[in-house]
Amino acid sequence: MDYNPARHAVSFVRPLTRLRVGKQKTIFAGTYKICKLAANVPDLVVYEGVDRPIPDVEHFHGVLLFADISGFTSLTEIYTLNSKKGSGADHLTRTLNGYISEIVDHILRAGGDVVNYAGDAMLALWRERRKELSEILTLAVKCSLNIQDKCDNKETEVGVKLRVKIGISAGKLSKVVMGDEESRYYALIGRAVDEVRKAEGLASANTIILSPNAWELCDRENLVVEKIENERAVKVRYIKRDPHFSVEDYIKSFGTHLEYQEVGVSKKAIRKTSRLLPNAQLESVLRKYLLKTVLLKIDDAVPLDYLSEMRPATVVFVNLQFVENATMYHQCQSIQACCVGINNEFKLYRGRINKVFMFDKGCTFLCCFGLPGDKGEDECANALQSAHNVHEFCKKLRYVSVASIGISTGPLFCGVVGHPLRHEYTVIGRKVNLAARLMMHYPGVVSCDEETHYHAKMPASYFIELPKRSMKGVANPGTIYQYLSKKHQKILGKPRITVEKEEDYPLLGRDKEMKIFQKALKRFSSLKARRSADCCQVIMFEGMVGYGKSRLLAEIIHTSQAEGMRVIPFELGKMDITEPYYTIQTMMALLLQVNHCKSYVERERVLLTKITKHELIEDLCLLNELLFVKFPVSEKVSLMDSRTKHRAFRNYVIAIIKQSVATDTGLLVIDQVQYIDTPSWELILQMRASLPLFMVMALRPFTVEKPPCQAAIMVMRSQRTLYVKLSGLDPSIIRPLACQILGVISIPRELETLLTERSYGVPYYCEEILRSLYYSDLILLEPLDEDDDDESDAVFAYSRKKITVSSDSVLQRENRKKSKLLNVSGVEGQKCRKVITLDRKAAAENQQFICTIGETVNLQEITIPLTLKGIALAQLDQMNTTEQVIVKCASIIGHTFTTKMLRYILPEGAEQKLNQSLISLVKSRTLECASKTDEGFTSPMDENEDAHLLQCFCIHSPESEEHLHEDDSDEKEPNKEKTVLWRCKLMRFCIALVHETANDLWLKEQKKSLHTKCTKFLENAAHKCSSCGEGDFIYQHRKMVTFAVHESESITQRRKDLYTTVSHATVASHSIDSQQGNQSNLNKLYKYRY
């Protein structure tokens, strides 16, 4: 996402605005941009808003109030599991902020400054000289009693009670500012900070605890307290008199060097910084404390409520514990170094520091991956690797004794939490609590939960399982892992591909791809038998996440092994691309069978039995670095320069592989080919030209940000390569696939319709939708008695063959409810297609099951599972701000929309960039022209793909195009390139998942407002024929309403021919048989791609 931090240095919106908090209180909120910036940081930062050298430390005395709210996590979880459309983030936002605003209102009216929000807790500060702390303490106690009286034990609409407990401390404090030129962070340090957290820990709901130091400094005659057994802290019961302290004078004493707008008759503005007048220097400093995603909304004058959403994300907690003799100066230097290190490392992978805390004599950084605008692929792998790098860096800091990192992945509430005058962007959820607990209970390591471990898709050798430990507030955390990267041991060879063929569960919908493989293998074997020099064959299957590439490879491996072939399969990981020759190393280790050897001596012994030619034995030392052996360096090799040695190494590897595959027909199967390192690609290119190899590969599409190397491009474009793009499955396959996933013999027709519409033919989408429905108790799996009649709405996918349910499955419904927001417990379970075997113990062997829908369930109200939402969010976050706004507004209209209506509902300013943004969205295959006819479908494999993508099939007239002409004054400049004008009048989303996800990002009230604008457009733009009343309501109205339901079979077939291709025109010349008739068979492989 593009972002310019210098944009709009000072801006004016409108005069002060009245905001209502609760039922009776009215506050005043300034709407100058500086007021909006100041609302996101404490007065502690605003009043000292000078760009000082970093790190900056300021010392003062003060009183701290720490309020911890219980019930937020449960509330977040309930709204996360709420499967109805229109529920979730907006309801949660109102509930959270409504409750927090009441508490913060009491603090602000008492002159307190909310330093930060820590998830479901907040820290408030009163700064004052030491001799005045007694009265300030009384004020803080009175404020706490008011909070307990008005805010404790609040019942929410979903039945969760919100409770609050409070700790108070006082003493000397220090504010530390850290960061770099682009970002700033602050934290409070001091004994009082540690004590307030301990005091809160001693409190229970509806109680207030004074720390030992606060009890020493307070007016003891005015407080009635209870002693706590074995503790110096005390419990407050009540105060005898109100404090003799003027809150108004106290507020006036701060920030006298700044200018404020007068509020008129009301002199009770509860936060002084809400009346700030524009100040360019202060504003530039405040911007450094805010996240990029928040700044974008403020700069675009978009309400911050728009940021609130439930989204899958990864949370990383980094904790530093300091050595005993570390001074304040030493701690600050270490915190600053760690902050810069985290920033530099995490921003490479779109990670962000959200907050910095100082508790328990340590410093904690709360970081997030996958926030709005930062969602990307391989999020978990990126978080793990960057956390490992940060951990290695922190361990080298002189005054850091222990560095601990906890990581978890799952659904979170991400949004602005707090009061209209003082709020922060934060994350809340069960996974936030889990990451914090992992950080504290597994010190000195990088620990992660099983969801992070699973979604990282890294080799098992990168992790070790950690012992289970009881963690406060975390029930059934699942298996916990330590991430070790590659450093802990040198491993040769990879384990088998993680997805394996499942017996009795055939591969569905990929028969034609299997025919391509079988015919290619037949041709290869024939050419090799004739010792043809041109017998190398490569098949590459390309597909997006979830299209079933790995399962297709598993079927190929199973079929080949059944025919007696030697198969060498392995799967690559994200980090493998960074290690030169890693793919070749793995291939050689598996080919020469040294992957299980435990020592270099054993590896050398095996190599000597595999390599028998004398000329090859002499140069075995060339394998020393590749296979971790220690053969003596021969005289010939010792005399080589580096370039000659490198060339000799490549030729030697090829010679060994040639010897190994000379007699057997070996099949090399590689999954996740996009992670092959460049040197390995270069050697594969060389091998392809000289070895009788048959390779089958699977990969995700390369991106503009991460393009393939030149050698990879040459392999893909080679005449010896069949490049097959996988498409979504045919709708007829969805029914048996669902039965296979659930382990049942029938599903209701309503469920089949839902899966067909919502999975878009992608097997993974289908699996995740079913998993979400099952774990939300929206569908039920019930045993079928032999004498039961078939239900009229049941679709039987199989004959009445018995389906055996594993008796080893012992997870009960009660246990799984605690651990299944995103996934099931147990990584092995993740690989199983039979959901029923994960959670249900069969009453008897050979039991048959059917799937039914809950009595009160309306499947049309089901939201997108968060796992799928994350995939779409990654695509949305790749867009710039204007493109995101356009896509989100288009989603309000529908899957198909007119550009004229889209322009009408766009916010002010966005329509000026509509033309170029639509072109960009068409090129990225997010949108397309919806007026395509049978003749409009052409092959997407043209040389000029952009020209193909930008084709429009609408009927144009000069009058109808007026609304699309943008300001072209700049085009009149003679030296400026003319802008392409996008004239399409009717468009649609290429991927319905993106449309649905973008629509869900709107809050309910926002949708209402946009729907109203759509209604006004239809009222003004409708065609009103006075004579007959016929014709389209608006342009192509019938197509907009009926597109998804009544698309003709002929167009569907054309789409099949368009979107699924066997790459390159050369496929014909290298077809599996030389007969021309087989080309028509290849054409039949084209499938419908959504």
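This section describes the confidence of a predicted model, the pairing of strand E7 and the burial of helix H31.

The mean pLDDT of the protein is 79, and 78% of the residues reach a score of at least 70. Residues 795-833 stay under 50 in pLDDT; for this stretch the model has 124 contacts beyond four places in sequence. Residues 836-844 also have a pLDDT below 50, with 34 contacts in the model beyond near neighbours in sequence. Where pLDDT is low, predicted coordinates should not be read in detail. The contact counts of residues 795-833 and of residues 836-844 are reported here with that reservation.

Strand E7 spans residues 161-179 and is mostly covered, with 16 of its 19 residues buried. Its pairing with strand E3, residues 56-70, is antiparallel and comprises 15 bridges. Within the E3 pairing, Ser174 of E7 lies opposite His59. Strand E6, residues 154-155, is also antiparallel to E7 and is joined to it by two bridges. Leu162 in E7 is the bridge partner of Lys154. Five residues separate the strands in the hairpin of E6 and E7, and in this hairpin Gly159 adopts a positive phi near 90 degrees.

On the C-terminal side, E7 continues through a hairpin of four residues into strand E8. E8 covers residues 184-189 and pairs with E7 in the antiparallel sense through six bridges. In this pairing Val176 is placed opposite Ala187 of E8. The pairing between E7 and strand E9, residues 208-210, is parallel and consists of three bridges. Here Ile166 stands opposite Ile208 in E9. E7 is thus described by antiparallel pairing with E3, E6 and E8, and by parallel pairing with E9. In a regular strand, side chains alternate between the two faces of the sheet.

Helix H31 comprises twelve residues, 866-877. The distance from its first C-alpha to its last is 16 Å, close to the expected 16 Å at 1.5 Å a residue. Ten of the twelve residues of H31 are buried, so the helix is largely enclosed by the rest of the structure. The buried positions include the leucines Leu866, Leu868, Leu873 and Leu876, as well as Ala872, Ala874 and Gly870. Thr867, Lys869 and Asp877 are buried too. An α-helix has 3.6 residues a turn, so residues three or four places apart point the same way.

How values were computed. Residues numbered from 1 in each chain as written. Predicted model: local features only at pLDDT ≥ 70, side-chain atom pairs only at ≥ 80, totals over all residues. Heavy atoms only, no water. pLDDT = per-residue confidence, 0-100. Contact = heavy atoms within 4.5 Å. Expected span 1.5 Å × (residues − 1). Buried < 20%, exposed > 50% of the residue type's maximum accessible area, 1.4 Å probe, protein only. Pairing = 2+ DSSP bridges.
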